[in-house]
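Trainee: I would like a close look at just one part of this model, please. Take me through the largest pocket and its lining, one step after another.

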Amino acid sequence: MDIKNKNLLKNSCLINGQWRESAKSFEVINPYNQELIISVPDCGESETLEAIEAAHKSFESWKSQTAEKRSDILYAWYDLIMKNQEDLATILTTEQGKILAEARAEIAYGASYIKWFAEEARRIYGDTIPGKSQDERIIVIKQAVGPVASITPWNFPMAMIARKIAPALAAGCTAVIKPAEDTPLSALAMAYLAEQAGIPNGVLNVITTSDSSTVGKVLCADDRIKKLSFTGSTKVGKILMEQCSPTLKKLSMELGGNAPMIILDDADIDKAVSGTIASKFRNAGQTCVCANRIYVHESIYDTFIEKLENRIKKIKAGSGLESDSKIGPLINQAAVDKVTRLFEEAKSKGARVIIEPEVKEGLLMSAGMIADVTHDMDIAKEEIFGPLAAIYKFSTDEEMLKLANDTEFGLAAYFFGTDPKRIWHIAENLESGMVGINTGLISNVTAPFGGVKHSGFGREGSKYGIEEYIQIKYLNWNLS
Ligand code: SIN
């Protein structure tokens, strides 16, 4: 791999400050050419328990550090990440497939959470409340929740770790990270830089594994872990929640989405086309907030389709490392098979093919588009998670809102329009945790990221993100 800082490419995992190999290992494969990148330890129960013990033991001293000290270390980590941005982006593209421009953006996006929470670390303020009697004072203090487990997905292998770990460390929590099996290298590179930044031994541990279910079970069952933060599918989120119930952990669940993208008749169509492309094809369609169902008002339906078609035709699928590629490969064969299945099923039920998504070599799939999609098709119910745009027609706002909310998910929703009264009405009535209005990009550190319904709960980023890692204690001080 063509990186300057060779220390970033790790073949070991991090437990209690020790870079450890293990008897068993598994291969990390480049999804573009299916070549072996490197092998990493295939950890199981015993390594996971060691990592938990390390996080447990180091909690006392880490939570007792001054907020300023924790903040300084997070700033140092942020600086190192940005200094190594190019190498980290190359590692990310090589293991995950996304184009280099998006990988660079992800490194900056993830780093922004570390900088943000370096700032928030100093501002975990409490409260004083007038007591019930003249002799009473009520004081509210906020304390770190304890050691946390972070289970992170393959689609944003760097940013999802940063988004969970930065607030955890800022609050005084220690952590065990289990990165996705497909993309452990970004996590290990970040852990290496965390160590260089001065994060003490045991505060941050990374367990790599091909046996997610065993490691997940151990993390959930252990009472020393006080919080689980998970980003991934709704199905797995529900299993983890159940496994956490005997130990009553605090939970954050960022789960699946089925985002509607709505184009109203008074929308600026060119802006709407650009917003749809930005949302739909980010990371080759593999984000939880990708536009999954694109509803277009009947009066502009044909015009929108024509303009979108012209833009989609220009999206080149190729190696993420080549500068003219606009989308990279999908993550694995199951992802390719899923998009193909949804496309074929929709076609068999009458969807109109505008651009056929073609499976090129390996896991590369070209961008596709279908229209006249309806809610009796599987594609309306499932996350596509691939480069296929599905267009639906609507005629009234009430019909459109009913369709948009006709899903168990509620992560993101988007719409384009201009009338302020109508904008308020739609924004307030969409059942989702996040709404993009005249934009297809809603993810940034200043905003609370998270969903409702079966998309989960908890918020990441923004002034709210720190609350997931603190607990409130109140002191009732009797002065008499
Ligand atoms: C996700 O797909 O889970 C996260 C996407 C984002 O942060 O924008």
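Mentor: Happily; here is a walk around that one part.
The model is predicted, and although local features need pLDDT of at least 70 and side-chain atom pairs count only at pLDDT 80 or more, totals for chains, interfaces and linings use all residues. Residues are numbered from 1 along each chain as its sequence is written, and side-chain values use heavy atoms, with hydrogens and water left out.

Let's start with the space itself. The largest pocket (an open set of points on a 1 Å grid over the protein atoms alone, where a 1.4 Å probe fits, with protein on both sides within 12 Å along at least five of seven lines) holds about 1,100 Å³, the space filled by probe spheres set on those points. Around this pocket stand 37 lining residues, each with an atom within 4 Å of a point. Look for Trp 154, Phe 230, Gly 232, Ser 233 and Val 236, which lie nearest the pocket's centre.

Now sort the lining by kind: 16 residues are nonpolar, 12 are polar and 9 are charged, with Gly counted as polar and Tyr and Cys as nonpolar.

Next, trace where the lining comes from. At least two residues each are supplied by α7 (212–221), β10 (227–231), α8 (234–244) and α11 (333–348); these are DSSP runs, helices (H or I) of at least four residues and strands (E) of at least two. The biggest share comes from α8, which gives 6 residues.

Finally, step back to the domains, whose bounds come from an automatic or database assignment. Domain 1 (6–255 + 455–476) and domain 2 (259–444) each contribute at least three residues to the lining.
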